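Colleague: I would like to learn how to read a fold from its model. Can we take it feature by feature?

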Amino acid sequence: MSNTKNTSESQDSQQSSQESQSPQEQEPTENPKSNSSNSHNSTANHRLSPMEVLRQARAQLAELTGMTAESVSSFEQTEEGWSLEVEVLELERVPDTMSLMASYEVELDSQGELTGYRRVRRYERGRAEARRPGGR
């Protein structure tokens, strides 16, 4: 606990020494408003590359669901932003071919922020997709 006391004492001494400095001697502080507006303008003017969109979608989906995003099976730009289908490992099993996978439809806005997702199908890793009607 003595470390906490020393820390608060050192903070108090730093604060009092800064107060005793003249305004010219004090270190300049950054204006957070100007920084945020500059970074916002650069983000608004910066168009995301497809790889940036893919990385952001996978990272955000993994953070929200806690599951590993393994691949992106479809990707397209929409009027609102981006739409992706992401393959996710839902339940790991032994052997690996029996692990449960899922496809998630992921929607992102034009800045690459996730706006929604939903699971569209679930399957075992080792299973081929059933033939679709009319398909060969």
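Colleague: How many bridges join strand S3 to S4, and how do the two strands run?

Modeller: First, a caution: this is a predicted model. Now the general idea. Strands of a sheet pair through backbone hydrogen bonds, either parallel or antiparallel. Here, nine bridges join S3, residues 100-109, to S4, and the two run antiparallel. Leu108 stands opposite Leu114 in S4. Leu100 has Glu124 of S4 as its bridge partner.

Colleague: What lies between S3 and S4?

Modeller: Four residues, and the two strands form a hairpin. Look at Gly112 in the turn: its phi is positive, about 90 degrees.

Colleague: Which strand order does the whole sheet have?

Modeller: The order is S1-S2-S3-S4, in an open sheet of four strands with antiparallel pairing. Strand S1 (68-77) and strand S4 (114-124) stand at the edges. Each has a single partner strand, so one side of each is left without a neighbour in the sheet. Neighbouring strands are turned by 20 degrees against each other on average, direction ignored. Inside the sheet, 10 bridges join S2 to S3, again antiparallel. Glu85 stands opposite Glu105 in S3.

Colleague: Which helix packs on the sheet?

Modeller: Helix H3, residues 50-65. H3 touches S1, S2 (81-91), S3 and S4. Its direction makes about 135 degrees with that of S1. For the wider layout, count three helices and four strands. From the N terminus on, they run α-α-α-β-β-β-β.

Colleague: Next, burial. Is S3 largely enclosed or open?

Modeller: Read it from relative accessible area: under 20% counts as buried. Seven of the 10 residues of S3 are buried, so this strand is largely enclosed by the rest of the structure. Across the protein, 21% of the 136 residues count as buried.

Colleague: Which residues have the most contacts inside the largest nonpolar core?

Modeller: Leu61, Leu84, Val86, Val88, Tyr104, Val106 and Leu108. That core has 16 residues. H3, S2 and S3 are the elements that give two or more residues to it. Take Val86 as a worked case. Leaving aside residues up to four places away in sequence, Val86 touches Leu61, Ala69, Ser71, Val72, Ala102, Ser103, Tyr104 and Val106.

Colleague: And the rings? How many aromatic pairs are there?

Modeller: Two. To sort them, check the angle between the planes: under 30 degrees is stacked, over 60 is edge-to-face and the rest are tilted. Phe75 and Trp82 are 5.1 Å apart centre to centre, with 20 degrees between the planes, so the pair is stacked. Phe75 is partly exposed at 32% relative accessible area, whereas Trp82 is buried at 7%.

Colleague: Which residues make the tilted pair?

Modeller: Tyr104 and Tyr117, 5.9 Å centre to centre with 55 degrees between the planes. This pair links distant parts of the chain: Tyr104 is in strand S3 and Tyr117 in strand S4, 13 residues apart. Tyr104 counts as buried, at 7% relative accessibility. Tyr117 is partly exposed, with a relative accessible area of 38%.

Colleague: Where does the charged end of Arg121 sit?

Modeller: Over the ring of Tyr123, 4.1 Å from its centre.

Colleague: One last reading. What share of the contacts join residues at least 24 apart?

Modeller: 38%, among contacts between residues at least 6 apart in sequence.

Methods. Residues are numbered from 1 along each chain as its sequence is written. This is a predicted model: local features need pLDDT of at least 70, side-chain atom pairs count only at pLDDT 80 or more; totals for chains, interfaces and linings use all residues. Side-chain values use heavy atoms; hydrogens and water are left out. Two strands pair if DSSP finds at least two bridges between them. Axes are lines fitted to C-alpha atoms, for helices over the stretch in contact, and angles run from 0 to 180 degrees between N-to-C directions. Contact means heavy atoms within 4.5 Å. Rings of Phe, Tyr and Trp (its six-membered ring) pair if their centres lie within 6.5 Å; planes under 30 degrees apart count as stacked, over 60 as edge-to-face and the rest as tilted. Buried means under 20% relative accessible area, exposed over 50%, partly exposed in between (1.4 Å probe, protein chains only). A charge sits over a ring if NZ of Lys or CZ of Arg is within 6 Å of the ring centre and within 35 degrees of the ring normal. A nonpolar core is a set of buried Ala, Val, Leu, Ile, Met, Phe, Trp, Tyr and Cys residues joined through side-chain atoms within 4.5 Å.
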